[in-house]
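Work through the exercises below with the sequence and the model at hand. Each task is followed by a worked solution.

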Amino acid sequence: MGKRSRQRQKNQNAGRDNRDTAGWGAGYADIIKENKLFENYYKELGLVPEGEFEQFMEAMREPLPATIRITGYKSHAKEILHCLKEKYFKDIQELEIDGQKIEAPQPLSWYPDEQAWHTNMSRKIIRKSPLLEKFHQFLVSETESGNISRQEAVSMIPPLLLKIEPHHKILDMCAAPGSKTAQLIEMLHADMDVPFPEGFVIANDVDNKRCYLLVHQAKRLNSPCIMVVNHDASCIPTLEINSNGKKDVLFYDRILCDVPCSGDGTMRKNIDVWKKWTTSNSLHLHGKGMELQLRIAVRGVEQLAVGGRMVYSTCSLNPIEDEAVIAALLEKSEGALELADCSADLPGLKWMPGVTSWKLMTKEGQWYTDWSEVPSSRHTQIRPTMFPQKDSEKLASFHLERCMRILPHHQNTGGFFVAVLVKKAPMPWNKRYPKLRKDSKLSSSAAQTSSSKEAPSPGDTPHLPPEGSTEKVERNMMMTPSSPPYSKSFYDLSPDFPKLNVLTRTHEGKKRNLYMVSKELRNVLLNNSERMKVINTGVKVWSRNSEGEEFGCAFRLAQEGIYTLQPYIRSRIIRVSVEDIKVLLTQENPYLSKLEDEAHAQAQKIGMGSIVLKYIPNPNNPGEPQCPIQLCGWRGKTSIRAFVPRNERFHYLRMLGVEVFRDKQGLGQKRSDGEKDGKEEAEDAAEKDEEQEEERACEGDCNEKGLTDSTS
Ligand SMILES: C[S@@+](CC[C@H](N)C(=O)[O-])C[C@H]1O[C@@H](n2cnc3c(N)ncnc32)[C@H](O)[C@@H]1O
């Protein structure tokens, strides 16, 4: 055994020792991290700078540090960050275990507002310190309640490069499991005071089961601006919208095209790739069903508004899945597309410019540098679009160097590829597309109204099936507008309440829940029910409550829609303090008198039924949470109760300094239930389960023995 091999073996053994302990909650199977074909291929391609190949390979063999992203909307995310910094990070920085300083979590330098962190603590270390155990539990519980998400650092890049604004219409073409979708939704809601941003996200995935992961992910954000659909992205239907009484084609301002790929950039996490990697995975994906990655990307740019941006990304380092797809797209576009220069967009991020030359290797190790060398027996597997452009002038005009390849050893991440395309003109095969209006307040779809007569001609790929066409979707989550079955005066809804945006799931009998979608998403939904397979949309704002009928309130407020609805509610609001929230969230059915004087007085003036409990932060009291908190509740005869699901309840308590963690067994149980629920949630039949679950969650799940108030 040579010196290098011995060293490698040593590293691998060391890696194996770490396996059960590395990362946060990670467990690794016994796999030899070696693949000669992989090594030869990437050495030969020269993607890694001179002299760094060993470092590259060593990094690939190391377990990936855990990265977390604080999810949710602005002031809430800030509050969680504050909590992390004040309660944990400060103390961890000082911590020594067995005489060794602990590597404290570090923010990702290029992620805005310190909302993303990486931590390299092993399980073994965590177990040795009560402080780290607590920190770990905090992370796990907040992840469970959806306020922190574990997401690979590199996977956070594409949404940032899309430069989302709240009015953007966004299509996420291959969206499941949805970590990037969540980022997109959060960006739409940059201003928390706007309950219905003008923009929306349509998140799509071809895999029906994985669509329910998307539903689960999106549900945590309680947004009325998200719709989950289930189509093959390479032929996702063109949608229609009604613009001032005229039918128009919907073009997107932003598209995320995070395509299926061989995933060799994820070897540090998905160590199975070590065993399975051959170049045929890449050839297959680029070439599958005639160039799947390319076909998806082409479908994307067809649906992009002129002036819009599309991000193409893969977690593969292979130019066949990366630059080759981009080059083929640019070639087809005949100048309609341009690669954007993003070099200044994420200061601090290290990346390698895209390459202009590469060659192909088969799984038998046979190399081809040009299409002309490929025998016809290989023509179904190897496609001409896989080779670099031969015309050097044309090649230079593509500016492939603007693509970004992230190498694992440069900043201890996974490998990744990302390219940002800007649409300068209609695609050559649909020349007459209208332009985006300059007025940033107006969305592309609205801007295109004026030219609606110039809709794509027959034969253009984005066609609209005729009204009543047979291109119907097989199964759909149908939503229909609902006239308010609740008494408007009960909640004293303001005159600007968008009552048209209230929808109900279509089924026989009494409506159980009422949902809200934004005006623009309603437009999409109601004009495309025949062509779209909608898995889920809308945020639940009211739930039927038969007990309430006698008080003029057949529908009680639902916690998940409270931030959407509350700005329009003008009565039945009780302003509460931090202490009041603690009482409401830790006691099952406290007497009104348990509230502090101010809230008690307000509660006494309100009749029985659904209420809003509202906490408004006081900037002069920085010791208290600085984000607004709104809870749904019920004013009973002599008592009051918060109707807040368990996860959220625990989250708010933690923000108020109450240490509350579910036992490990409970967490595991909940997680697997949650996955199953994801599927059920979106189906009409599951509405009832949902309600019951919520009722259960609201009923005494917070018995006091599980809670300790660290502030007291
Ligand atoms: C790389 S993953 C996407 C990851 C996702 N964007 C995220 O950040 O969580 C690729 C996804 O593409 C989906 N997919 C594969 N073929 C597809 C197709 N033809 N149309 C739409 N989605 C497809 C897969 O089901 C998979 O969920």
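The exercises deal with the ligand and its surroundings, then with an annotated site.

This is a predicted model, in which local features need pLDDT of at least 70 and side-chain atom pairs count only at pLDDT 80 or more, while totals for chains, interfaces and linings use all residues. Residues are numbered from 1 along each chain as its sequence is written, and side-chain values use heavy atoms, with hydrogens and water left out.

**Exercise 1.** Describe the residues around the ligand by class and by helix.

Solution. Start with the residues near the ligand, meaning those with a heavy atom within 4 Å of it. Of these 21 residues, K180, D205, R210, A233 and D258 come nearest. Next, sort the shell by class: 11 residues are nonpolar, four polar and six charged. Finally, look at the helices (DSSP runs of H or I, at least four residues): α8 (179–188) and α11 (279–302) each supply at least two shell residues.

**Exercise 2.** Find side chains that make polar contacts (N or O atoms within 3.5 Å) with the ligand.

Solution. Take the ligand oxygen atoms: one is 2.6 Å from a side-chain N or O atom of D205, and one is 2.7 Å from such an atom of R210. Then take nitrogen: a ligand nitrogen atom lies 2.8 Å from a polar side-chain atom of D232.

**Exercise 3.** Is C315 buried or exposed?

Solution. First, place the residue: UniProt, in an unreviewed entry, puts the feature "active site" at C315. Then apply the cut-offs, where buried is under 20% relative accessible area, exposed over 50%, and partly exposed in between (1.4 Å probe, protein chains only). C315 has 23%, so this residue is partly exposed.

Technical notes
Polar contact = N/O pair within 3.5 Å; in protein donor to acceptor, adjacent residues only side chain to side chain. Nonpolar A, V, L, I, M, F, W, Y, C, P; charged D, E, K, R; others polar. UniProt positions renumbered as here; feature names shortened; annotations may be inferred.
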